[in-house]
Amino acid sequence: MDKLKIKDIQTICMRVTYTGHQRVQSALGVWNHRNGMFLLVHTDAGITGLGEIFSNFPQWSHYEKEASVHQGLKPMLIGADPLDREGIWAAIGRKFKQIGLQWGGLGIAHQVLSGLDIALWDIQGKVAGKPICELLESPAESVSVYCSALGPAGVKEQAAHFLEMGVTAFKLKIGMDIKQDLRNLALLRQTIGPDCLLMVDVNQGWDLNTALEMAPLLEPFNLYWVEEPLMADHMEDLEVLVRKTGMRIAGGENLYGLDFERHLAKGLLKVCQPDVTKCGGITEFLKAAQLAHQYGVDVAPHFLANGIGYAATMQVMNASGSLMMEYDHAANPMKDTCVMGTYPVVNGRVKVPKGPGLGVSLCEEEIRKYVFHPY
């Protein structure tokens with residue numbers, strides 16, 4: 001095959017509107033909409049790479065990412081060789097992160113680069129005729145999942161549904177109301193029994209004093225981890241919390257670049273949670289996972305978005321030595337029907353797509369139902 005060239009970059013923005021009990025609530029606020037953003041890299045050979053850019057929060061996230069792709073990243077990429085990932089990262093990736101630092105949007109820059117990197121890996125797999133997990137020399141038939149984003153309402157029913165599917169690990173959202181949090185924890189532990197893993201996600205919802213007050217209240221529930229109890233950039237407060245309580249902290253979805261190593265070097269994380277749609281894509285995800293293992297820290301990727309990122313997370317699970325994959329308990333058409341080629345949860349596990357690259361394709365008919373034009 002002749003040398004490939006990138007001829008166009010396309011974005012697909014989607015939005016699903018939630019009402020009533022469907023709304024997702026956390027310490028960050030209430031989701032009235034569920035966002036999705038796919039990035040497509042088109043080549044002159046007719047091969048298209050699929051990527052996903054994190055767009056859950058804030059609700060206006062589409063606007064900043066759309067402009068960043070088309071006005072910032074795209075002009076740098078036209079004519080580049082999509083198989084030269086290292087060259088693209090060395091030049092374009094570095095430049096885009098530099099711009100992100102200048103405008104104060106380092107997270108946005110990493111998230112946009114995540115969509116690009118996933119798409120480049122997808123192209124490489126399609127050219128080689130292999131799924132990404134085989135490119136990484138870590139083939140996998142299936143991955144273990146845990147049920148995520150439970151609560152604040154309907155906890156018992158949500159958990160019971162996944163127990164029937166063979167899931168044995170569950171994560172509850174807390175940090176909104178202490179009395180409700182403790183009631184939900186008691187109900188969830190009663191529902192899943194003593195042998196299932198139980199985790200909580202505070203979504204950065206506490207200050208240090210609240211976290212210190214909560215620590216003894218959480219002890220009876222035998223939590224496997226407490227996720228992001230404090231603001232992700234409050235490293236000194238997190239160090240106080242860990243030293244005083246021994247709390248088993250999980251985090252990483254909101255860390256970028258050197259922040260991973262700073263947290264790991266201080267022993268602040270017991271579970272590292274890079275997100276393939278946020279940290280810089282598959283390339284940066286694998287670096288973060290390798291770094292975590294060097295410090296003796298477990299890896300359990302964060303992922304609560306849509307179908308392309310879902311497939312990308314599955315493809316890297318084995319190569320990154322990850323414990324288990326986050327699985328949203330709620331139905332999400334941008335994961336479940338807009339992307340074809342993924343499988344349901346069976347016996348607590350999900351089969352890894354076996355097609356070339358990510359192993360998935362887009363269902364244009366379904367996507368049209370949710371397309372959103374931010375500009």
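Is Pro82 buried or exposed? Pro82 is buried, with a relative accessible area of 0% (buried means under 20%, exposed over 50% and partly exposed in between, with a 1.4 Å probe and protein chains only). The model shown in these views is predicted: local features need pLDDT of at least 70, side-chain atom pairs count only at pLDDT 80 or more, and totals for chains, interfaces and linings use all residues. Residues are numbered from 1 along each chain as its sequence is written, and side-chain values use heavy atoms, with hydrogens and water left out.

**View A. Pro82 sits in the loop between helix 1 and helix 2 (85–103).** Helices (H or I, at least four residues) and strands (E, at least two) are DSSP runs, numbered from the N terminus. Pro82 and Val226 are separated by 144 residues in sequence and, C-alpha to C-alpha, by 39 Å in space.

**View B. The largest pocket holds about 800 Å³ of space.** On a 1 Å grid over the protein atoms alone, a pocket is an open set of points with protein on both sides within 12 Å along at least five of seven lines, a cavity is a set where a 1.4 Å probe fits but cannot get out, and lining residues have an atom within 4 Å of a point. Grid points are joined across faces, edges and corners, and a volume is the space filled by probe spheres set on the points. The lining of the largest pocket has 40 residues, and Gln204, Ala232, Asn254, Tyr256 and Lys278 lie nearest the centre. Elements that each supply at least two lining residues include strand 2 (24–26), helix 1 (61–77) and helix 9 (258–265). Helix 3 gives the most, with 4 residues. The lining comprises 14 nonpolar, 14 polar and 12 charged residues (Ala, Val, Leu, Ile, Met, Phe, Trp, Tyr, Cys and Pro count as nonpolar, Asp, Glu, Lys and Arg as charged, and the others, Gly among them, as polar).

**View C. The largest cavity encloses about 100 Å³.** Its lining has 15 residues, and Glu228, Ala232, Leu238, Gly251 and His263 are the closest to the centre. Strand 10 (residues 249–251) contributes the largest share of this lining, 3 residues. By class, the lining of the largest cavity has 9 nonpolar, 4 polar and 2 charged residues.

**View D. The second largest cavity encloses about 40 Å³.** Phe303, Leu304, Ala305, Tyr310, Glu326, Tyr327, Asp328 and Lys335 line the second largest cavity. Strand 13 (residues 325–328) supplies the largest share, 3 residues. This lining has 5 nonpolar, no polar and 3 charged residues.

**View E. Strands 1, 4 and 5 form an open sheet in the order 1-4-5, with antiparallel pairing.** Strand 1 (6–17) and strand 5 (48–52) are the edge strands, and each pairs on one side only. From one strand to the next, the twist averages 20° (axes are lines fitted to C-alpha atoms, for helices over the stretch in contact, and angles run from 0 to 180 degrees between N-to-C directions). Two strands pair if DSSP finds at least two bridges between them; strand 4 (residues 33–43) and strand 5 pair over 5 bridges. Leu39 has Gly51 of strand 5 as its bridge partner.

**View F. The structure holds 0 disulfides.** A disulfide is a pair of cysteine sulfur atoms within 2.5 Å. Cys13 is in no disulfide, and the nearest cysteine sulfur, that of Cys338, is 13 Å away. The sulfur of Cys279 is 9.1 Å from that of Cys272, the closest cysteine sulfur, and this is too far for a bond. Cys13 is buried, with a relative accessible area of 4%, and Cys279 is buried at 5%.
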